[in-house]
Amino acid sequence: MLEPQAPGIPVPTPSPASAPYWDGCSRGELVFQRCDACATVALRPATVCGTCLGRSLSWVPSSGLGRLYSWTVVWRPQHPSFQVPYAPAIVALDEGWFMMSAVIGCQPEDLRADLRLAVEFHAASDEITLPYFRPTAAEG
């Protein structure tokens, strides 16, 4: 069964620019940055829109729902603190953006393209909560 990693894995260090994302995760809310002028999604924290050069970008909530776009199953961990197997994945969110995460709550052989997923949050340390994705109830 694919499970969240236990606390103690290497975790990111939030920057001032990414803090709203990590604050959202700690509240159990997936947020993303979008340009107020043209609605382009900023795939990394930005102060200027890469499309229209607008300077007004907002952090907005995501539904946390999407589909499995791409994945792999890791059986040999990059760091000894990781428990295997785990499934790093690219998730296509319903709002039209993609993010890297990991799938939990199913067997590795259950993973397939377009599998419906929902975000779920788990603490990785006292400071960092990570978003994972689990197959939706409809997927079973």
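Q: What makes the pair formed by the side chain of Glu95 and the backbone nitrogen of Ser63 a polar contact?
A: In this predicted model, a polar atom of the Glu95 side chain lies 2.6 Å from the backbone nitrogen of Ser63. The cut-off for a pair of N or O atoms is within 3.5 Å. The value of 2.6 Å meets that limit, so the pair counts as a polar contact.

Q: Which side chain shares a polar contact with the side chain of Glu95, and at what distance?
A: Trp97 does, at 3.4 Å. The limit is within 3.5 Å, so this pair qualifies too.

Q: Why is Glu95 called partly exposed?
A: Its relative accessible area is 30%. Buried needs under 20%, and exposed needs over 50%. The value of 30% falls in between, so Glu95 is partly exposed.

Q: Where does Glu95 sit, and which residues does it touch beyond its sequence neighbours?
A: Glu95 is in the loop between S5 and S6. Setting aside residues within four places in sequence, its contacts are Phe32, Ser62, Ser63 and Gly64. Gly66 is 29 residues away along the chain, with 8.3 Å between the C-alpha atoms of Gly66 and Glu95.

Q: What makes Arg116 a buried or an exposed residue?
A: The relative accessible area of Arg116 is 18%. Buried means under 20%, so Arg116 is buried.

Q: Where is Arg116, and which backbone atom does its side chain reach?
A: Arg116 belongs to strand S7, residues 116–123. Its side chain reaches the backbone oxygen of Gly66 at 3.4 Å. That distance is within 3.5 Å, so the pair passes as a polar contact.

Q: How do you know whether Gln5 is buried or exposed?
A: Gln5 has 7% relative accessibility. The cut-off for buried is under 20%, so Gln5 is buried. Gln5 lies in the segment before helix H1 (19–26).

Q: What does the side chain of Gln5 reach, and which residues does Gln5 contact?
A: The Gln5 side chain reaches the backbone nitrogen of Gln83 at 2.7 Å. Not counting neighbours within four places, Gln5 contacts Ser81, Phe82, Gln83, Tyr86, Ala123 and Tyr132.

Q: Why is His122 called partly exposed?
A: His122 has a relative accessible area of 22%. Buried is under 20% and exposed is over 50%, so His122 is partly exposed. His122 is in strand S7.

Q: How far apart are His122 and Pro4 in sequence and in space?
A: They are 118 residues apart in sequence, and their C-alpha atoms are 6.9 Å apart. Pro4 is also among the residues that His122 touches, along with Ile104, Thr129, Leu130 and Tyr132, leaving out residues up to four places away in sequence.

Q: What makes the phi of Ala39 and of Asp114 worth noting?
A: Most residues other than glycine have a negative phi. Ala39 has phi near 70°, a positive value. Asp114 also has a positive phi, near 70°. Ala39 is in the loop between strand S1 (31–35) and strand S2 (41–42). Asp114 is in the loop between strand S6 (98–103) and S7.

Q: Why are Ala39 and Asp114 called partly exposed?
A: Ala39 has a relative accessible area of 44%. For Asp114 the value is 49%. Partly exposed lies between under 20% and over 50%, so both residues get that label.

Q: What kind of peptide bond joins Val84 and Pro85?
A: A cis bond, with omega about 0°. Most peptide bonds are trans. Pro85 is in the loop between strand S4 (65–71) and strand S5 (87–93).

Q: How do you know whether the radius of gyration agrees with a compact globule?
A: For 140 residues, a compact globule would have a radius near 14 Å. The protein has 16 Å, which agrees. The C-alpha trace spans about 45 × 30 × 25 Å along its principal axes.

Q: Which elements build the protein, and what share of its residues is buried?
A: There are 1 helix and 8 strands. From the N terminus the order is α-β-β-β-β-β-β-β-β. Of the 140 residues, 39% are buried.

Q: What share of the contacts with a separation of 6 or more joins residues 24 or more positions apart?
A: The share is 57%.

Methods. Residues numbered from 1 in each chain as written. Predicted model: local features only at pLDDT ≥ 70, side-chain atom pairs only at ≥ 80, totals over all residues. Heavy atoms only, no water. Helix = DSSP H or I, 4+ residues; strand = E, 2+ residues; numbered from the N terminus. Buried < 20%, exposed > 50% of the residue type's maximum accessible area, 1.4 Å probe, protein only. Polar contact = N/O pair within 3.5 Å; in protein donor to acceptor, adjacent residues only side chain to side chain. Rg over C-alpha atoms; globule rule 2.2 N^0.38 Å. Contact = heavy atoms within 4.5 Å.
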